[in-house]
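Trainee: Could we go through the packing and the charged pairs of this model together?
Mentor: Happily; let us have it in front of us.

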Amino acid sequence: MLRDAAKRFLAENCPTTFVRKMMADDTAHDKAFWKKLVDLGWPGLLIPEQYGGHGGTFLDMTVVVEEAGKALVPGPFFTTALLGAPIVIEGGSEAQKKDLLPKIAKGEAIVTVAIAEASGRFDAGGVELKAEKKANGHVLNGEKMFVPDAHVADVIAAVARTKSDGNPEEGISVFLVPAKTKGITITQLKTVDMTRRLCHVKFDNVAVEASALLGKENQGWAIVRRTLDIATAALSAEMVGTAQKALDISVDYAKTRVQFGKPIGSFQAVKHKCVDMMVAVENARSITYYACWTVDERTPEAATAVPMAKAYASDMAKNVTSDAIQVHGGIGFTWEHDMHLYHRRGLAGEANLGNAPVHRETVAKSLAL
């Protein structure tokens with residue numbers, strides 16, 4: 001029922017004409033569309049009921065995100081629902097949760113998370129943003145790269161280093177920083193998928209109060225890692241949705257495009273390519289659903305299931321959407337045809353939150369290789 005409702009809503013409210021409009025928009029954030037998502041309860045789906053959310057499971061969200069991937073949903077939905085809300089849920093104090101989570105659920109606050117820097121890494125070793133302790137809090141100095149939707153965010157959860165010696169995972173702290181705080185400069189980046197914006201965020205002597213600290217000082221990486229598990233599994237599900245839609249469009253085209261007096265889907269080269277695409281999508285769906293289950297249940301297997309799903313889904317989305325262009329032939333390469341929108345989303349998903357080689361290396365370490 002949830003999947004059907006999501007599918008109907010997105011068919012009516014998020015056609016590719018709207019996606020293209022957002023791609024050309026200054027912010028890729030349509031407030032009227034955002035309000036509709038809020039009315040459905042999607043941004044607050046993972047938020048517990050006592051904080052104004054729906055108290056849904058992560059598997060509920062998996063269904064929604066997969067359908068969102070098929071529709072190429074633009075704007076800050078993924079950022080707020082799968083990064084911003086989870087990091088507050090996982091690490092926030094009771095006061096922070098009561099302050100921020102109801103605002104997220106009502107659509108009154110967009111929250112993003114700033115992790116990666118110039119290296120593009122999403123592990124603790126890549127965090128160099130410095131947080132120097134002062135009498136009444138901390139002062140942040142440094143730069144963050146590829147911060148999703150920072151240009152429309154109300155709050156940035158900045159992952160910073162408060163201690164430099166020892167294990168890179170020790171000495172990480174997270175701060176909830178209002179996006180309009182003095183000293184913050186946000187610049188949109190030109191990326192392959194402009195339906196969802198990534199930003200460069202500079203912190204220049206940004207002062208934050210002690211109450212901005214999320215969790216305990218120097219112990220923030222556990223919060224970030226759990227948030228990354230949630231977001232990475234969800235991103236894998238979204239890529240499955242995007243690739244499934246590209247496959248569906250390709251199959252429909254192969255059935256109706258006639259060449260040499262026959263539908264091109266009757267030719268072995270085309271039909272077998274479509275079958276290979278289908279096998280790849282189904283494999284990715286299976287491994288991703290398992291990864292989402294491990295995240296939902298908080299099982300130890302999530303440590304390997306999530307990177308396995310992201311590694312496989314990354315390659316799958318990139319390759320399936322590329323093959324979909326090939327099935328369409330020359331028309332698939334044109335700006336007027338929608339297939340490049342799916343390929344762009346596939347490429348963006350592959351790079352986001354760590355690409356396939358990064359996640360393969362994570363799995364390899366679990367095998368002691």
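What follows is a short talk about nonpolar cores and salt bridges.

Mentor: A word on the ground rules: this is a predicted model, where local features need pLDDT of at least 70 and side-chain atom pairs count only at pLDDT 80 or more, while totals for chains, interfaces and linings use all residues. Residues are numbered from 1 along each chain as its sequence is written, and side-chain values use heavy atoms, with hydrogens and water left out.

Trainee: Which helix gives the most residues to the largest nonpolar core?
Mentor: A nonpolar core is a set of buried Ala, Val, Leu, Ile, Met, Phe, Trp, Tyr and Cys residues joined through side-chain atoms within 4.5 Å. Buried means under 20% relative accessible area, exposed over 50%, and partly exposed in between (1.4 Å probe, protein chains only). The largest core has 98 residues, and Phe-58, Met-61, Phe-77, Leu-82 and Met-316 touch the most other members. With 16 residues, the top contributor is helix α7 (residues 221-256); helices (H or I, at least four residues) and strands (E, at least two) are DSSP runs numbered from the N terminus.

Trainee: How many residues are in the other core that lies apart from it?
Mentor: Its members include Ile-156, Val-177, Ala-179 and Val-206. The count for this separate core is 20 residues.

Trainee: How many salt bridges does the structure hold?
Mentor: Side chains of opposite charge can pair when their charged atoms come close. Here the criterion is a side-chain nitrogen of Lys or Arg within 4 Å of a carboxyl oxygen of Asp or Glu. The total is 21.

Trainee: With which residue does Glu-66 form a salt bridge?
Mentor: Glu-66 is buried, at 1% relative accessible area, and sits in helix α4 (residues 58-71). Its partner is in helix α1 (residues 2-13), 63 residues apart, and is partly exposed at 24%. The closest N and O atoms are 3.5 Å apart, and the partner is Arg-3.

Trainee: Which residues join Arg-3 and Glu-66 in a network of salt bridges?
Mentor: That network links the pair to further charged residues. They are Glu-67, Lys-70, Glu-282 and Arg-285.

Trainee: How far apart are the closest N and O atoms of Arg-196 and Glu-238?
Mentor: Arg-196 lies in the loop between β6 (184-188) and β7 (198-209) and Glu-238 in helix α7, so the pair ties together parts 42 residues apart in sequence. Both Arg-196 and Glu-238 are buried. Their closest N and O atoms are separated by 2.6 Å.
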